[in-house]
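Welcome! Below are some short exercises, each followed by a worked solution, to help you find your way around. Have a look at the picture, then work through them in order.

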Amino acid sequence: MANTVIGSSIVIDGEITGDEDLVVRGTVKGRVSLRENIFVEDSGVLEANVETATITVHGRVTGDIHATERAELKSNCRVVGDIRSPRVLIADGASFKGTVDMDA
Amino acid sequence: MASVTSRSSTCVLGPQIAVRGALSGEEDLVVEGRIEGNVALAGHLVVAPGGVVEADLEVSSIEVHGEVRGDIVASRSITIEKGAMVAGNCRAPRVIIHDGAKFDGAVDMDVQLPDGLHRGR
């Protein structure tokens, strides 16, 4: 299946919507709304409010995350914002500031 | 799933993805989905079949198989392939329109006009 990749030199300022997996290596500002999986890789920066099924963060996210299935913060990630998801995983070494709401 | 993410290095916007706003960057990009807004890319842009771009574009080069509505400025070349649809003005040193392409707009290749020919351009 086609995979959407935002490359490391790419900056998107606006809105991304869609129905397939998204890999972020560059910068996305604004709003992201997907019904699939988001991977923020080491070089990826999300300055956006995010709605998704699952999100896996290795890079940086500033903004609120609403994941209907799972939100996973890997070690070395930096996340600032509120997370709402039934399953929230924070790995050792991750840096996170915000609230967690698992009642979603 | 992590292995999926390292599979390809090309920047792709897949067929189910829509981007609204400004996109900028310095690498090649393939659009299979939809972009609305502005694109400034120092690289090669491919609008794949089925891809729709409603935006003003500033790129190094572009190859259109899908649909573009907006003005295109390319520092190298604009190629409109068979089956493509482009509505907008094209400015580039090289503009190539293939048989079977639809194009509605003006082309500016910055041609040196011969002496004595003044068309007010």
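Two strands count as paired if DSSP finds at least two bridges between them. Keep that cut-off in mind, and keep in mind too that this is a predicted model.

**Exercise 1. Take stock of the two chains.**

Task: Find how many helices and strands chain A has, and do likewise for chain B.

Solution:
- Step 1. Start with chain A, which has zero helices and 13 strands. Reading from its N terminus, you meet β-β-β-β-β-β-β-β-β-β-β-β-β.
- Step 2. Turn to chain B, where there are one helix and 12 strands. Along the sequence of chain B the pattern is α-β-β-β-β-β-β-β-β-β-β-β-β.
- Step 3. Add burial to the picture. In chain A, 42% of the 104 residues are buried; in chain B, 32% of the 121 residues are.

**Exercise 2. Judge the overall form of chain A.**

Task: Decide whether the radius of gyration of chain A agrees or disagrees with that of a compact globule.

Solution:
- Step 1. For 104 residues, a compact globule would have a radius of gyration near 13 Å.
- Step 2. The value for chain A is 12 Å, so the two agree.
- Step 3. For a second view, take the box along the principal axes: the C-alpha atoms of chain A fill roughly 30 × 25 × 25 Å.
- Step 4. Now look at contacts in chain A with a separation of 6 or more: 1% of these are between residues 24 or more positions apart. In chain B, contacts between residues at least 6 apart in sequence include 1% that join residues at least 24 apart.

**Exercise 3. Explore the nonpolar core.**

Task: Which residues of the largest nonpolar core touch the most other members?

Solution:
- Step 1. The largest nonpolar core holds 57 residues.
- Step 2. Within that core, A:Val24 and A:Ile38 touch the most other members.
- Step 3. Follow A:Val24 outwards. Setting aside neighbours within four places in sequence, A:Val24 is in contact with residues including A:Ile6, A:Ile38, A:Phe39 and A:Leu46. A:Glu41 and A:Gly44 are also among the contacts of A:Val24.
- Step 4. As background, nonpolar side chains in soluble globular proteins tend to be buried together.

**Exercise 4. Map where the chains meet.**

Task: Which element gives the largest share of the side of chain B that touches chain A?

Solution:
- Step 1. Count the residues: 25 of chain B are in contact with 25 of chain A.
- Step 2. On the chain B side, the elements giving two or more residues are α1 (2-5), β1 (11-13) and β2 (17-25).
- Step 3. β2(B) gives the largest share, nine residues.
- Step 4. Sort that side of chain B by type, and you get 11 nonpolar, 10 polar and four charged residues.
- Step 5. Now look across to chain A. Its strand β2 (residues 11-18) is joined to β2(B) by eight bridges, and the two strands run antiparallel. To see one place where they meet, find A:Asp13, which stands opposite B:Ala22.

**Exercise 5. Trace the strand pairs of chain B.**

Task: Starting from β5(B), follow the pairings step by step.

Solution:
- Step 1. β4 (residues 34-47) of chain B and β5(B) run parallel, joined by 12 bridges. One such place is B:Ala40, with B:Glu58 as its bridge partner.
- Step 2. β5(B) also pairs with β6(B), in the parallel sense, over three bridges. Here B:Val53 has B:Val68 as its bridge partner.
- Step 3. Seven bridges connect β5(B) with β7 (residues 72-80) of chain B, again parallel. In this pair, B:Ile62 is partnered by B:Ile78, and B:Glu63 stands opposite B:Thr79.
- Step 4. Move on from β7(B): four bridges pair it with β10 (residues 94-97) of chain B in the parallel sense. B:Thr79 has B:Ile96 as its bridge partner there.

**Exercise 6. Place one glycine.**

Task: Is B:Gly66 buried or exposed?

Solution:
- Step 1. Locate B:Gly66 in the loop between β5 (52-64) and β6 (67-69) of chain B.
- Step 2. B:Gly66 has 21 C-beta neighbours inside 10 Å. The cut-off for a buried residue is 20 or more, so B:Gly66 counts as buried.
- Step 3. Check its surroundings: not counting residues up to four places away in sequence, B:Gly66 touches, among others, B:Val47, B:Pro49 and B:Ala84.
- Step 4. B:Val52 is 14 residues from B:Gly66 in sequence, and their C-alpha atoms are 6.2 Å apart.

Terms used
Residues are numbered from 1 along each chain as its sequence is written. Chains are lettered from A and ligands numbered from 1 in the order in which they are written. This is a predicted model: local features need pLDDT of at least 70, side-chain atom pairs count only at pLDDT 80 or more; totals for chains, interfaces and linings use all residues. A nonpolar core is a set of buried Ala, Val, Leu, Ile, Met, Phe, Trp, Tyr and Cys residues joined through C-beta atoms within 7 Å. A residue is buried if 20 or more other C-beta atoms lie within 10 Å of its own, exposed if 12 or fewer, and partly exposed in between; C-beta atoms are placed from the backbone. Two residues are in contact if their C-beta atoms, placed from the backbone, lie within 7 Å. Ala, Val, Leu, Ile, Met, Phe, Trp, Tyr, Cys and Pro count as nonpolar, Asp, Glu, Lys and Arg as charged, and the others, Gly among them, as polar. The radius of gyration is taken over C-alpha atoms; the globule rule is 2.2 Å times the number of residues to the power 0.38.
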